[in-house]
Amino acid sequence: MNRPPLPRGTAYAVLAALAAVVIIVSTAIFIGVGGHDGQAVTSSHETHRSAEPAASGEWVGSWATAPAAAEPNTAKGFAGMSIRNVVHTSIGGTGARIQLSNLYGTLPLAVTHASLGVAAAPGSPAAAPGSMQRLTFAGQPTATVPAGGSLLSDPVRMAVPAAADLLVTTYSPTPSGPVTYHPNARQISFVAHGDHTEEPLGTAYTTKTPYWRYLTAVDVWSQEAHGAVVALGDSITDGVTSTVGANRRWPDYLAARLRTEPGAPRYGVLNEGISGNRILLSNSASPAANNPSGLSRFDRDVLNRTGARVVVMALGVNDILRKPQVENPQQIVNGLRAMVQRAHARGLRVVGSTLMPFGGHKGAVDRQEMTRQGVNEIIRSGGVFDAVVDFDRTLRDPETPEQLLPAYDSGDHLHPSDAGYEAMARALDLESLKGEAAAAL
């Protein structure tokens, strides 16, 4: 007899409950401790050391975001408050670890309590029964992340479902200076007064927030995935006009394809988009480089991501639109090539996109369209990337090719709608994500 499918919330509750059961009965044993791995790192460049469980598998990034800026009006940090970040996994695993960043902090960030759990329902601050795990750092329940540095937790044994929401909670009792955050999360997270780090019901988390704070990565121990795709981009990759809480950014749609399509490479998907991001210039220099350029953040946000195997690069629009504006297409292409060379030096394959239309966007002028077309002509001719995904051709209006197709336009004539983001993910040839980097371009 055919049964109707479970409602989304019910299906998610069943998934979370099964994950909790696996956590309780699992007998896997982890060896090694965190840091990067376990040690506070004072620079933005880090080396990875082994922190592997006894069973076969490998660490792979399941979720990530770029530390984008210092949060305004947070000179004293979030002293005496619990921050519960809600993040969505791309792949699952049998263990997990997190990365915290204090990149924009001016004081050490003291974390006296941290936890990780599976959300009881999509977007909920409550944890599935039995899933809440206390996190440690180098074997200790407390840790200090130095100003400008980052820290990796010890691994915890737990069943991490694919395509599920995780709750990552931190508590700091003392001021830490400006808070390192990602402002365009498109996901609601939560804050509570006092230490409610391991509270499973989430009742104390009455304050909602559209930001991710301190948290920059979640890695999982996987026996199925064999690497990660890093999406490097601007607000279009960040998904700033996608539906909040629905995971409809184009990297989310790509992750769904990689999980479900026959023959697809089993990769995690890491979204390293920053709204307003450019290739060549950072957006400010105080207290540190807020919204750092693609060139300056490439090592931290791409090369140092756990399991990174291939990069999908979608940058360049803001170099044309934002002041000081770049008019020479070759300057933009030279910046793209510089990042490709760095990726190739680390063995990463690079898929690059053409620049999407922005005709009709506020302030856009004809000479900017000429620059965009010039960049796209060079990209399509080859010699820049290992493979090309033509986001311009996918989303443009055939009748007015300098503009987005209305069905794919969020309304501002620059950012796609949910349907547009899905079309972008569909445009990617999954075979282009496989293989090695080109020997030379």
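Biologist: Is Leu280 buried, partly exposed or exposed?

Modeller: In this predicted model, Leu280 lies in the loop between E18 and helix H4 (294-303). Its relative accessibility is 26%. Buried requires under 20% and exposed over 50%, so Leu280 counts as partly exposed.

Biologist: Which residues does Leu280 touch, not counting residues up to four places away in sequence?

Modeller: Leu280 and Asn318 are 38 residues apart in sequence, yet their C-alpha atoms are 9.7 Å apart in space. With residues up to four places away in sequence left out, the contacts of Leu280 are Ser293, Leu295, Asp319, Val326, Gln331 and Gly335.

Biologist: Which helix gives the largest share of the largest nonpolar core?

Modeller: That core has 68 residues, and Met313 and Leu336 have the most contacts inside it. The largest share, 6 residues, comes from the helix spanning residues 329-345, namely H6.

Biologist: Which residues does Leu336 touch, not counting residues up to four places away in sequence?

Modeller: Leu336 is one of the two residues with the most contacts inside the largest core. Beyond four places in sequence, Leu336 touches Ile279, Met313, Leu315, Ile379, Val384 and Phe385.

Biologist: How many residues does the second, separate core have?

Modeller: Among the members of this core are Val229, Val351, Leu395 and Ala425. The total for the second core is 28 residues.

Biologist: Against which elements do the buried residues of H3 pack?

Modeller: Helix H3 (residues 250-260) is mostly covered, with 8 of its 11 residues buried. The buried residues include Trp250, Tyr253 and Leu258. The elements against which the buried residues of H3 pack are strands E17, E18 and E19 and helices H2 and H9.

Methods:
Residues are numbered from 1 along each chain as its sequence is written. This is a predicted model: local features need pLDDT of at least 70, side-chain atom pairs count only at pLDDT 80 or more; totals for chains, interfaces and linings use all residues. Side-chain values use heavy atoms; hydrogens and water are left out. A nonpolar core is a set of buried Ala, Val, Leu, Ile, Met, Phe, Trp, Tyr and Cys residues joined through side-chain atoms within 4.5 Å. Buried means under 20% relative accessible area, exposed over 50%, partly exposed in between (1.4 Å probe, protein chains only). Helices (H or I, at least four residues) and strands (E, at least two) are DSSP runs, numbered from the N terminus. Contact means heavy atoms within 4.5 Å.
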